[in-house]
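Work through these short exercises on charged side-chain pairs. Try each task before reading its solution.

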Amino acid sequence: MSKLWAGRISKETDADANDFNSSISFDSRLYPQDILGSLVHSCMLEKQGILTYEEKQDIHHGLLDLLNKMNSGQVEFSSQYEDIHTCVEQLLTAAIGDTGKKLHTGRSRNDQVALDMRLYVVSKAEEIHDTLLNLISVLADLAAEYADTLVPGYTHLQRAQPITFGHTLMAYANMFRRDALRLENALDVMDECPLGAGALAGTTFPLDREFTAAHLGFSKPMSNSIDAVSDRDFCIEFLSDLSILMMHMSRLSEEMILWSSWEFKFIELDDAYSTGSSIMPQKKNPDMCELIRGKTGRVYGDLIGLLTVMKGLPLAYNKDMQEDKEAVFDAVDTVEMCLKVLPGMLKTMRVRKDKMKQAASAGFINATECADYLAKKACPSGMPTN
């Protein structure tokens with residue numbers, strides 16, 4: 001199948017090189033964003049008199065039919081298409097004829113992929129943000145339920161001062177609230193549209209970038225065309241936010257592993273969120289917590305990988321930037337899996353109030369309060385006694 005760039009190249013691409021170069025195996029998940037961008041782009045082209053109304057209508061009917069087929073699994077994302085942009089354009093042209101080729105007017109795959117990734121990250125940041133609010137709500141409800149349940153507070157994993165289990169849970173609720181705020185900030189920072197930047201220097205066609213930005217849900221177009229096609233800061237910031245979120249889920253998971261151990265026995269995880277041993281019949285293992293803890297390193301790797309890809313790239317677009325997608329997709333999939341499991345695990349765990357109170361009653365953990373009391377009695381004026 002003919003490549004979009006085939007005019008300059010006289011030989012067929014080597015089969016192994018073609019597979020190596022192709023991104024359709026993973027960027028096919030961007031088809032909703034690619035088709036949305038194309039729908040808006042064609043509206044703008046018709047508004048500017050570059051397409052006729054009839055041509056725009058043909059393109060829209062073809063794109064919407066293609067979207068339905070992709071949604072229902074009727075399209076095979078073969079490596080012959082190279083990437084999702086080529087796939088959509090060539091299938092559209094096969095369906096409606098040469099009018100389909102006019103869709104690419106005033107557009108490059110460089111600004112097209114920048115738009116698709118930005119739309120994808122915006123969508124996923126909003127979804128994860130909403131799921132995070134649900135997790136915070138679960139923790140807040142549990143904190144209210146156990147607001148008077150005494151438990152030891154720890155420093156250095158040594159019993160320190162008596163606190164409540166509700167106060168402990170709210171510490172994590174506050175961490176997750178900051179994670180939500182970070183995602184809100186990332187959404188604000190990436191609220192710019194790269195479409196219209198072309199390959200790097202814009203286009204001589206009279207595009208209306210403000211129209212395109214507004215109809216794609218952005219507040220404005222990006223101000224520099226070179227930056228528009230070479231920016232992946234938004235992906236890196238998103239991965240950074242997800243890494244911090246995973247760190248917080250990992251810390252909570254580590255606590256639950258400790259709390260459910262025989263040494264603590266503060267909680268018992270529900271059987272639906274536990275596993276057994278293939279050889280030791282008495283074992284009840286907190287595997288879901290351990291997987292969250294382990295998958296945190298995976299998301300860290302996605303962040304470090306993309307930072308490393310981008311650190312030495314000159315302006316503007318370079319093929320190295322194709323590596324952004326698998327890192328972002330993997331991190332999103334991992335975080336979404338963890339956020340699905342954690343709320344249910346928290347809601348169904350059994351809290352052993354008796355064990356918590358017993359632990360809070362031993363080890364002289366009210367020594368600090370006793371020292372404060374004695375200091376106040378010995379020096380009521382508030383002068384230091386040490």
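Partly exposed means a relative accessible area between the buried limit, under 20%, and the exposed limit, over 50%. The model used here is predicted.

**Exercise 1.** Classify Lys-220 as buried, partly exposed or exposed. Then find its salt-bridge partner.

*Solution.* Start with the area. Lys-220 has a relative accessible area of 42%. The limits are 20% and 50%, so Lys-220 is partly exposed. Next, the partner. Lys-220 forms a salt bridge with Glu-192, at 3.5 Å from N to O. Now place both residues. Lys-220 sits in the loop between α8 and α9, and Glu-192 in the loop between α7 and α8. They are 28 residues apart, so the pair links distant parts of the chain.

**Exercise 2.** Which helices hold Glu-254 and Arg-293?

*Solution.* First, the contact. The two side chains, Glu-254 and Arg-293, meet in a salt bridge of 2.5 Å, N to O. Glu-254 belongs to helix α10 (residues 233-259), and Arg-293 to helix α11 (residues 287-310). The pair therefore ties together parts 39 residues apart in sequence. Then check exposure. Glu-254 is partly exposed at 29%. Arg-293 is partly exposed at 35%.

**Exercise 3.** Compare the exposure classes of Asp-271 and Lys-284.

*Solution.* These residues, Asp-271 and Lys-284, form a salt bridge, with the closest N and O atoms 2.8 Å apart. Both lie in the loop between β3 and α11, 13 residues apart in sequence. Asp-271 has 60% relative accessibility and counts as exposed. Lys-284 has 34% and counts as partly exposed.

**Exercise 4.** How many salt bridges does the structure hold?

*Solution.* The count is 22. Some residues form a network of salt bridges: Glu-82, Asp-83, Arg-109 and Lys-319.

Note on methods: Residues numbered from 1 in each chain as written. Predicted model: local features only at pLDDT ≥ 70, side-chain atom pairs only at ≥ 80, totals over all residues. Heavy atoms only, no water. Salt bridge = Lys/Arg side-chain N within 4 Å of Asp/Glu carboxyl O. Helix = DSSP H or I, 4+ residues; strand = E, 2+ residues; numbered from the N terminus. Buried < 20%, exposed > 50% of the residue type's maximum accessible area, 1.4 Å probe, protein only.
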